[in-house]
Amino acid sequence: MTKRLELLRGVVHPWHHDHFGHMNVRHYAPFFDDATYHLWTRLGLAYRDMQADHGVHLVTAQATTRFVQELTAGDLIVIDGSVEKLGTKSCSFHLRMLHADTGAIHATYDLVEVIFDPMTRKSAPMPQAVQAQLETWMVAQ
């Protein structure tokens with residue numbers, strides 16, 4: 001089991017609805033994307049400092065959303081996340097969109113982010129300090 005961090009709270013508004021009367025799939029992405037920005041800060045590796053401190057930044061290589069249960073206007077959501085896997089050049093995260101009142105899972109978001117060298121515009125080895133910090137958020141399985 002991994003450690004989970006609360007990343008974002010939000011509300012579903014009527015303009016998130018589609019013609020079926022529930023939140024349209026395109027509105028899940030901004031919630032999860034915003035939560036991902038908070039994820040790095042909560043992990044102690046803020047985006048704003050990554051390049052200055054470690055000479056790299058991050059790019060998303062893969063993002064997979066699984067829709068579990070519909071949301072409608074007025075629903076309050078909480079997004080939490082965890083570090084799932086560490087590689088030599090990438091890391092994987094699992095985020096959940098939960099109903100704030102019931103705790104029901106409404107969607108999940110599996111994300112692979114790659115360490116990126118802005119000078120070469122290619123993937124780069126994960127800096128040891130970044131690896132060490134991310135490891136503190138994982139629990140042995």
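For the charge count used in this tour, Lys and Arg are taken as positive and Asp and Glu as negative, while His and the chain ends are left out. On that basis, the protein carries 12 positive and 15 negative side chains, and the centres of the two sets lie 5 Å apart. The structure on display is a predicted model.

**The whole chain**

Begin with the complete protein in cartoon representation. Three helices and six strands make up the secondary structure, and from one end of the sequence to the other they follow the order β-α-α-β-β-β-β-β-α. Aligned on its principal axes, the C-alpha trace of the protein extends over about 45 × 30 × 20 Å. The radius of gyration is 16 Å, which agrees with the value near 14 Å that a compact globule of 141 residues would have.

Next, switch on the surface. The protein exposes about 7800 Å² of accessible area, and 53% of this belongs to carbon and sulfur atoms. Of the 141 residues, 42% count as buried. If a contact map is available, display it alongside: among contacts with a separation of 6 or more, 67% join residues 24 or more positions apart.

**The nonpolar core**

Select W40, F93, M97 and L134. Within the largest nonpolar core, which has 33 residues, these four touch the most other members. Two or more residues of this core come from each of β1, α1, β3 (76-86), β4 (90-99), β5 (105-117) and α3 (128-135). Which element provides the largest share of this core? It is α1, with six residues.

Keep M97 selected and show its surroundings. Beyond its neighbours within four places in sequence, M97 is in contact with M23, Y28, F31, F32, L71, I77, V78, I79, A104, I105, H106 and A107.

**H94 in strand β4**

Move now to H94, which is also to be found in strand β4. Is H94 buried or exposed? Its relative accessible area is 18%, so H94 counts as buried, the cut-off for that class being under 20%. The residues it touches, apart from those up to four places away in sequence, are R4, D80, G81, S82, E84, T108, Y109 and D110. For a distance to display, choose the C-alpha atoms of H94 and Y109: these residues are 15 apart along the chain, and the atoms are separated by 5.9 Å.

**H16 in the loop after β1**

Select H16, in the loop that joins β1 (5-11) to α1 (28-42). Although H16 belongs to a loop, H16 is buried, with a relative accessible area of 8%. Setting aside residues up to four places away in sequence, H16 touches V11, H22, M23, N24, H27 and F31. Two of the residues on this list, M23 and F31, also appear among the contacts of M97. A further residue to mark is L71: H16 and L71 are 55 residues apart in sequence, with 9.4 Å from C-alpha to C-alpha.

**G74 in the loop before β3**

From there, go to G74, in the loop between β2 (57-67) and β3. The relative accessibility of G74 is 51%, and so G74 counts as exposed; the cut-off for this class is over 50%. Even so, G74 has contacts beyond its neighbours within four places in sequence, namely V11 and V12. Display the C-alpha distance from G74 to H13 as well: the two are 61 residues apart in sequence and 6.2 Å apart in space.

**Q131 in helix α3**

The next selection is Q131, placed in helix α3. Q131 is buried, at a relative accessible area of 17%. Outside its neighbours within four places in sequence, Q131 is in contact with L86, G87 and M126.

**R121, the last stop**

Finish at R121, in the loop between β5 and β6 (122-123). R121 is exposed, having a relative accessible area of 57%. What is the phi of R121? It is positive, about 60°, although R121 is not a glycine. In general, most residues other than glycine have a negative phi.

Definitions and conventions
Residues are numbered from 1 along each chain as its sequence is written. This is a predicted model: local features need pLDDT of at least 70, side-chain atom pairs count only at pLDDT 80 or more; totals for chains, interfaces and linings use all residues. Side-chain values use heavy atoms; hydrogens and water are left out. Helices (H or I, at least four residues) and strands (E, at least two) are DSSP runs, numbered from the N terminus. Buried means under 20% relative accessible area, exposed over 50%, partly exposed in between (1.4 Å probe, protein chains only). Contact means heavy atoms within 4.5 Å. The radius of gyration is taken over C-alpha atoms; the globule rule is 2.2 Å times the number of residues to the power 0.38. Accessible areas come from the Shrake-Rupley method with a 1.4 Å probe; for residues, only the protein chains shown count as cover. The place of a charge is taken as NZ of Lys, CZ of Arg, CG of Asp or CD of Glu. A nonpolar core is a set of buried Ala, Val, Leu, Ile, Met, Phe, Trp, Tyr and Cys residues joined through side-chain atoms within 4.5 Å.
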